[in-house]
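Subject: Structure for your review

Dear colleague,

Please find below the structure that I am handing over to you, together with its sequence. My notes on what was found in it follow.

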Amino acid sequence: MSQNIFGSDSGPAVPGGSVAKPLVIALLALLASRYLSGGQKQQDPTPEVSRLPEPTPGSTADPSPGSVLDGLGGLIKQFQQKGLGDAIDSWVNRGTNKSVAPDQVSVALGGDVVDELSRRTGLSKDQVVTELARMLPNVVDKLTPDGRLPTQQELMRLMS
């Protein structure tokens, strides 16, 4: 039985573990593709959604550490730029994780990201932001055990 940042078959490390992995991986992959393509600089994000590559079969099951790391960095930037730096800093740093409300997650990520995650996961937009508000503090905390972004090698160990 394997144990990783999302838990194991017998017990998820984050609440809603069965939903957590595909939703968080889709979020991190989506943010990685946007940040790597420079999408964060555009005023109108709508065209970015149509240019996102479709996930290849199996890609959500085995994300590359590089894409997760890029997505994590993008996630942190998104929250900081939307005035939620205190919350995300509490997730990265040691200590108690501050909670966020679903509407704060929606604002931080933007409607285009929430729409795309809803489409990719089959969850409603409300379900997406509710699940992310519940899971992100724990997932980011687990991905940053030393109070910083992990290296690719460290991330590979965390994900295995």
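Why is α4 largely enclosed by the rest of the structure? In this predicted model, 6 of the 8 residues of α4 are buried, so the helix is largely enclosed by what surrounds it. The buried residues are Gly 85, Ala 87, Ile 88, Ser 90, Trp 91 and Val 92. Their cover includes α3 and α7.

The nonpolar core

The largest nonpolar core comprises 36 residues. Those with the most contacts inside it are Leu 27, Leu 75, Phe 79, Leu 109, Leu 117 and Leu 132. At least two residues of this core come from each of α1 (17–36), α3 (65–81), α4 (85–92), α5 (102–109), α6 (111–121) and α7 (125–143). The helix that gives the most is α7, with 9 residues. As a general point, nonpolar side chains in soluble globular proteins tend to be buried together.

Leu 27 may serve as an example from this core. Not counting residues up to four places away in sequence, Leu 27 touches Leu 75, Leu 109, Val 113, Leu 117, Leu 132 and Leu 136.

The packing of α5 and α7

The axes of α5 and α7 are 8 Å apart, and the two helices pack at an angle of about 100°. That angle makes α5 roughly perpendicular to α7, because values from 65 to 115 degrees are counted in that way. On the α5 side, the contact involves Pro 102, Val 105, Ser 106 and Leu 109; these meet Val 129, Thr 130, Leu 132 and Ala 133 of α7. The residues of this contact divide into 6 nonpolar and 2 polar, with no charged residue.

Two buried polar residues

Ser 118 is found in helix α6. Its relative accessibility is 14%, so Ser 118 counts as buried, the cut-off being under 20%. The side chain of Ser 118 reaches the backbone oxygen of Leu 123 at 2.5 Å. Leaving aside neighbours within four places in sequence, Ser 118 is in contact with Leu 123, Ser 124, Lys 125 and Val 128.

Thr 144 lies in the loop between α7 and α8 (152–159). With a relative accessibility of 1%, Thr 144 also counts as buried. Beyond its neighbours within four places in sequence, Thr 144 is in contact with Leu 72, Trp 91, Val 92, Leu 149 and Pro 150. Of these contacts, Trp 91 and Val 92 are among the buried residues of α4. Thr 144 and Leu 158 are 14 residues apart in sequence, and their C-alpha atoms are 9.5 Å apart in space.

Yours sincerely

Notes
Residues are numbered from 1 along each chain as its sequence is written. This is a predicted model: local features need pLDDT of at least 70, side-chain atom pairs count only at pLDDT 80 or more; totals for chains, interfaces and linings use all residues. Side-chain values use heavy atoms; hydrogens and water are left out. A nonpolar core is a set of buried Ala, Val, Leu, Ile, Met, Phe, Trp, Tyr and Cys residues joined through side-chain atoms within 4.5 Å. Buried means under 20% relative accessible area, exposed over 50%, partly exposed in between (1.4 Å probe, protein chains only). Helices (H or I, at least four residues) and strands (E, at least two) are DSSP runs, numbered from the N terminus. Contact means heavy atoms within 4.5 Å. A polar contact is a pair of N or O atoms within 3.5 Å; within protein, one must be able to donate a hydrogen and the other to accept it, and residues adjacent in sequence count only if both atoms are side-chain atoms. Axes are lines fitted to C-alpha atoms, for helices over the stretch in contact, and angles run from 0 to 180 degrees between N-to-C directions. Angles under 35 degrees count as roughly parallel, over 145 as roughly antiparallel, 65 to 115 as roughly perpendicular and the rest as oblique. Ala, Val, Leu, Ile, Met, Phe, Trp, Tyr, Cys and Pro count as nonpolar, Asp, Glu, Lys and Arg as charged, and the others, Gly among them, as polar.
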